[in-house]
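User: Please take a close look at one part of this model and explain how its aromatic rings are arranged. I should also like to see how the neighbouring helix and strands are packed.

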Amino acid sequence: MLRVRCLRGGSRGAEAAHLIAALLGRSANGWVQRAFQSTSIAAAAQPRAEGPVDPVSEAVPEECPVCAYNEWDPLEEVIVGRAENAQVPPFSVEVKANTYEKHWPFYEKFGGQSFPKDHLKKAVAEIEEMCNILRHEGVTVRRPEPMDWSMRYTTPDFTSPGMYAAMPRDILMVVGNEIIEAPMAWRARFFEYRAYRPLIKEYFKKGAKWTTAPKPTMSDELYDQDYPIRTVEDRHKLAAQGKFVTTEHEPCFDAADFIRAGRDLFVQRSQVTNYMGIEWMRRHLAPEYKIHIISFKDPNPMHIDATFNIIGPGLVLSNPDRPCRQIEMFKKAGWTVVKPPVPLIPDDHPLWMSSKWLSMNVLMLDEKRVMVDANEHTIIKMFENLGIQTVKVNIRHANSLGGGFHCWTTDVRRRGTLQSYFH
């Protein structure tokens with residue numbers, strides 16, 4: 001193993017920096033050299049050279065490439081997931097607790113294998129069209145890397161194949177100019193972050209903050225191995241008692257259990273997000289941001305954005321089938337609470353990883369434009385009555401993989417400022 005001895009002073013520091021840059025690759029030369037010079041000079045207590053010393057990244061632009069404070073400011077850049085090579089997760093205890101029993105035979109048959117090829121092909125085509133429409137609307141679209149998710153991996157605690165990089169909302173959350181990688185809670189998603197790392201490193205080099213939450217071991221202790229689910233009634237009873245398949249053994253959360261409204265973020269304790277994960281986020285974002293825990297009458301809590309979707313300043317879609325137990329505090333704060341109409345998606349459409357309420361899982365392009373399911377005529381009418389223009393897209397086959405427009409995206413940059421909307 002090659003060791004580089006730390007050299008003090010300007011010229012020697014520069015020599016070492018050049019050597020390190022050569023080891024890391026020519027493309028890293030600029031920021032490596034400046035970082036090494038900056039830290040070595042500070043360590044040696046030497047006077048600063050004339051002129052400013054650049055930070056680790058390239059000079060931070062006036063506008064950071066990563067910046068979003070809420071769900072509705074004008075959207076400028078977005079990450080859209082990929083359906084390619086998507087795998088059905090193994091039918092483990094954490095997956096069973098998050099899926100409806102009518103789909104359990106599907107998981108028992110296909111767990112650890114590819115989603116049905118014809119269906120997947122249609123989903124890929126739908127998401128490509130969605131990307132084209134976003135570009136037409138003036139939004140820069142970025143994509144994760146294609147990967148082989150069938151590859152099995154082993155940690156000291158478990159063995160699993162992968163799943164997909166279809167839902168960036170689950171793993172990435174932008175708060176201000178910081179991009180946060182969620183630790184996740186499903187074993188099949190343990191290495192999902194790898195598909196997004198090239199993008200995140202690019203954003204980091206251009207000035208964004210980058211935080212990775214503590215990665216859980218996902219050992220057996222993180223899950224209630226005897227979680228007693230047999231029927232929907234079981235799920236209602238357990239959720240009402242605050243009992244979930246994930247324990248408090250270590251922090252875990254999916255980013256999609258949080259939703260942003262400026263200085264206030266709202267989160268639910270769910271099957272994939274525990275109180276330790278919420279507390280980690282609270283401490284990490286304090287004091288500039290406040291985390292509020294809210295709950296719902298939901299037999300299968302996982303991801304908040306098809307239950308409680310904030311679409312404007314003081315304007316929220318609240319699922320009538322999963323009423324919010326704290327809804328009065330929003331009304332007292334002067335918020336408008338809108339109950340979306342019953343979804344129109346047919347009963348026989350395969351929603352292996354989600355519910356019909358993906359109809360309210362919309363993506364705001366700005367306060368007056370929304371990307372919505374082209375088949376959901378009643379919710380389109382609802383938006384029109386609210387004075388919001390609809391951008392209609394069909395992603396019915398993509399819905400089957402577990403998400404609507406909000407799930408399939410992570411908004412990287414929205415043009416706006418940090419404000420308070422909740423008092």
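The account below begins with the ring pairs and then turns to the elements around them.

Analyst: The model is predicted, so local features are given only at pLDDT of at least 70 and side-chain atom pairs only at pLDDT 80 or more, whereas totals for chains, interfaces and linings use all residues. Numbering starts from 1 along each chain as its sequence is written, and side-chain values rest on heavy atoms, without hydrogens or water.

Rings of Phe, Tyr and Trp (the six-membered ring for Trp) are paired if their centres lie within 6.5 Å; planes under 30 degrees apart are stacked, over 60 edge-to-face, and the rest tilted. The count by this rule is 24 aromatic pairs. One of them joins Y153 and F191: because the ring centres are 4.8 Å apart and the planes stand at 90°, the pair is edge-to-face. Y153 belongs to strand β3 (residues 152-154) and F191 to the loop between β6 (178-181) and α7 (197-205), so the contact ties together parts 38 residues apart in sequence. Helices (H or I, at least four residues) and strands (E, at least two) are DSSP runs numbered from the N terminus.

Burial is judged by relative accessible area: under 20% is buried, over 50% exposed, and anything in between partly exposed (1.4 Å probe, protein chains only). Y153 has 13% relative accessibility and therefore counts as buried, whereas F191, with a relative accessible area of 25%, is partly exposed. A further pair is formed by F158 and F190, whose centres are 5.5 Å apart with planes at 75°, so this pair is edge-to-face. Here too distant parts of the chain are linked: F158 is in the loop between β3 and β4 (159-161), F190 is in the loop between β6 and α7, and 32 residues separate them. Both rings are in buried residues, F158 at 5% relative accessibility and F190 at 11%. In addition, the charged end of K215 sits over the ring of F190, 4.8 Å from its centre. That wording requires NZ of Lys or CZ of Arg to be within 6 Å of the ring centre and within 35 degrees of the ring normal.

The loop that carries F190 and F191 leads from β6 to α7. In α7, the residues L199, I200 and Y203 are buried. They span an arc of only 95° around the axis and therefore lie on the same side of α7; the arc is that of the directions from the helix axis to the C-beta atoms. In general, an α-helix has 3.6 residues a turn, so residues three or four places apart point the same way. The buried residues of α7 pack against β1 (75-80), β2 (140-142), β5 (172-175), β6, β7 (209-212) and β17 (409-414), contact meaning heavy atoms within 4.5 Å. Just after α7, G207 adopts a positive phi of about 120°.

On the other side of the loop, β6 is paired with β5 in the antiparallel sense over four bridges; strands pair if DSSP finds at least two bridges between them. V174 is opposite I179 in β6. The two strands, β5 and β6, make a hairpin with two residues between them, and G176 in the turn has a positive phi of about 65°. Both faces of β5 are covered, since L172 and V174 on one side and M173 and V175 on the other are all buried.

F253 adds a contact to the segment after β6. This residue is in the loop between α8 (232-240) and β8 (258-261) and is buried, with a relative accessible area of 1%. Leaving aside residues up to four places away in sequence, F253 touches A182, P183, M184, A213, F258, V272, T273, G277, W280 and M281. The C-alpha atoms of F253 and T273 are 3.9 Å apart, although their positions lie 20 residues apart along the chain.

Helix α8, which precedes that loop, has D234, R235, L238 and A239 as its buried residues. These fall within an arc of 125° when seen down the axis of α8, so they line one face of the helix. The face turned away from the buried side carries the exposed residues E233, K237 and A240. The buried residues of α8 pack against α3 (93-96) and α4 (104-110), and G242, which follows α8, has a positive phi near 75°.
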